[in-house]
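Me: I would like a close look at one part of this structure, the nonpolar core. Please take me through its packing and then its surroundings.

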Amino acid sequence: MYIIFISCVTFIIFSNSLSLWLVRLFSKRSQLLSSWTLGDISSVLIRWQLKTRSLASYLPYPLRMMNHTGSRFENAEENEGRCLLDLPELPLHCILDRLSPDGLRTMAAVSTSLRDQCRSDYYWEKHLSEKWGRILGEAAYKEWQCHIAAQNRSISLSRQVKQKNWFSYFLRVLPGYSRKPDLREKNCDPCNELQPKESAMALYLALESGEFWFPVQVYNRENGHAGFMLSCYDAKVRYESSTDTFHARYSPHGRQTLEENIEWGRLRAPVLDTPANALHISDSLSHLRPGDHIEIQWRRSKEFPYGWWYGVVGHLETCERSEYHCRCNQSDTVVLEFKQYAQGSRWRKTLVKRETHREEGNTVDGFYGGIRKLCDDEEISTWKRLWPAKILE
């Protein structure tokens, strides 16, 4: 009887210990599983925020677990073989969506699987819009298509030259064959085997590297020269990453001019499709009234391209300049004022006709072209920000 009693007590104690051990084991496994899901993602984000130079370290080394307190890493052996590619699609997408352009390029070098994802237009179009969207217009994208086509033609010609060189080499090894070397072949650069891609990533990298010249309009050209104050001219620019500025080449229709160190605030995307040497057909003349902000085309002579100049609609000489008695909007004559010039300056004002206005002017005062009314407050504030420090003569 005593032996039976001892056996029962021992069995009960062993059962309780076994149950407690199983509960602890299950809790620990559950904690490990949950900590892998959150810890792995946190580890990736933390390592990326530290901006490591290479993300290839994710492949040969397991991602370490983090406990809920974040005080230390533990049980690295449990995660042997796990890597960034083991993350579900949604967390991986969230990580890639928050990477910088340099980060996407670095991540693309980790594996072929990540390469395709990191080159997706989804991520690069966002970076294009954030940094370049304000100054990239339709004209820039058309120029990019021409740039890609030119690269494709160059690669095609280079391959033809390469094939010709191989054929020439084959002929030279034949007995009795000899010819003078072609210096053009000797100086020919090896062709690039990678076809240029019409992707957002390719465009972004071409812009950042300064390889791509694209059309924009530049405020106050030639570093704010007095002769171009409060004007905006068409140009092609390229980015200089070392100074975060641009180099510009102005239209070749007149005297071609180069300019450097142009800041972002002096650039805008072309607002119209009208070429620099073509007259813009105005469609808002009938609605102009005193106080309206406008831009008008102007050029020194017919051999030069137009630039857009900022001005405001003024009152006629016969007007009482009263809000309740002004009838200027009923007249066929519109007064345009350029208040950056002093009173009495021949550049201060000009008159145009609502019904018959086309290009007007002469070789002394220049030629005035099309007019566009400014309705966007941001455009108007940009012109005011560029206002000269003193009145021009």
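Reply: What follows starts with the core, then moves to aromatic pairs, cysteines and backbone outliers.

This is a predicted model. The protein chain has 10 helices and 13 strands. Of its 393 residues, 39% are buried. Take contacts between residues at least 6 apart in sequence: 59% of them join residues at least 24 apart.

Now the core itself. The largest nonpolar core has 69 residues. Trp-132, Phe-214, Phe-246 and Leu-336 have the most contacts inside it. Helix α8, residues 200–209, gives the most to this core, with 6 residues. The core also draws on two domains: at least three residues come from each of domain 1 (205–268) and domain 2 (292–386). As background, nonpolar side chains in soluble globular proteins tend to be buried together.

Stay with α8 for a moment. The helix is mostly covered, with 7 of its 10 residues buried. The buried ones are Ala-200, Met-201, Leu-203, Tyr-204, Ala-206, Leu-207 and Glu-208. Just after α8 comes Gly-210, with a positive phi of about 80 degrees.

Next, Leu-336. Leave out residues up to four places away in sequence. Leu-336 then touches Ile-294, Ile-296, Val-312, Val-313, Arg-348, Lys-349, Thr-350, Val-352 and Ile-371. One of these partners, Thr-350, deserves its own look. Thr-350 lies in strand β11, residues 349–353. Its relative accessible area is 14%, so Thr-350 counts as buried, the limit being under 20%. Beyond its neighbours within four places in sequence, Thr-350 is in contact with Val-334, Val-335, Leu-336, Phe-338 and Tyr-368.

The aromatic residues come next. The whole structure holds 19 aromatic pairs. One of them joins Trp-132 and Tyr-239 edge-to-face, at 5.3 Å centre to centre and 90 degrees between the planes. This pair links distant parts of the chain. Trp-132 is in helix α5 (residues 121–132), Tyr-239 is in strand β4 (residues 231–240), and 107 residues separate them. Both Trp-132 and Tyr-239 are buried.

Tyr-310 and Trp-383 make a stacked pair: 5.5 Å centre to centre, 15 degrees between the planes. This pair, too, links distant parts of the chain. Tyr-310 sits in strand β9 (residues 307–314) and Trp-383 in helix α10 (residues 377–385), 73 residues apart. Tyr-310 is buried, at 4% relative accessible area. Trp-383 is buried as well, at 0% relative accessibility.

Ring pairs also build a cluster. Its members are Trp-132, Trp-144, Phe-212, Phe-214, Tyr-239, Phe-246 and Trp-264. Trp-132, Phe-214 and Phe-246 appear again here; they are among the residues with the most contacts inside the largest core.

Arg-221 brings a charge to two rings. The charged end of Arg-221 sits over the ring of Phe-228, 4.7 Å from its centre. The charged end of Arg-221 also sits over the ring of Tyr-250, 4.1 Å from its centre.

On to the cysteines. A second, separate core has 5 residues, including Leu-316, Cys-319, Cys-326 and Cys-328. Why does Cys-328 form no bond with Cys-319? A disulfide is a covalent bond between the sulfur atoms of two cysteines. The cut-off is 2.5 Å between the sulfur atoms. The closest cysteine sulfur to that of Cys-328 is in Cys-319, at 3.6 Å, and therefore too far for a bond. Cys-328 is buried, with a relative accessible area of 4%. Cys-375, in contrast, is exposed, at 62%. The search of the whole structure finds 0 disulfides.

Last, the backbone. Most residues other than glycine have a negative phi. Asp-244 is not a glycine, yet has a positive phi of about 55 degrees. Asp-244 is found in the loop between β4 and β5 (245–250). At 38% relative accessibility, Asp-244 is partly exposed. Asn-261 is not a glycine either, and has a positive phi of about 60 degrees. Asn-261 is found in strand β6, residues 258–262. Its relative accessibility is 48%, so Asn-261 counts as partly exposed.

Conventions
Residues are numbered from 1 along each chain as its sequence is written. This is a predicted model: local features need pLDDT of at least 70, side-chain atom pairs count only at pLDDT 80 or more; totals for chains, interfaces and linings use all residues. Side-chain values use heavy atoms; hydrogens and water are left out. Helices (H or I, at least four residues) and strands (E, at least two) are DSSP runs, numbered from the N terminus. Buried means under 20% relative accessible area, exposed over 50%, partly exposed in between (1.4 Å probe, protein chains only). Contact means heavy atoms within 4.5 Å. Rings of Phe, Tyr and Trp (its six-membered ring) pair if their centres lie within 6.5 Å; planes under 30 degrees apart count as stacked, over 60 as edge-to-face and the rest as tilted. A charge sits over a ring if NZ of Lys or CZ of Arg is within 6 Å of the ring centre and within 35 degrees of the ring normal. A nonpolar core is a set of buried Ala, Val, Leu, Ile, Met, Phe, Trp, Tyr and Cys residues joined through side-chain atoms within 4.5 Å. Domain bounds come from an automatic or database domain assignment.
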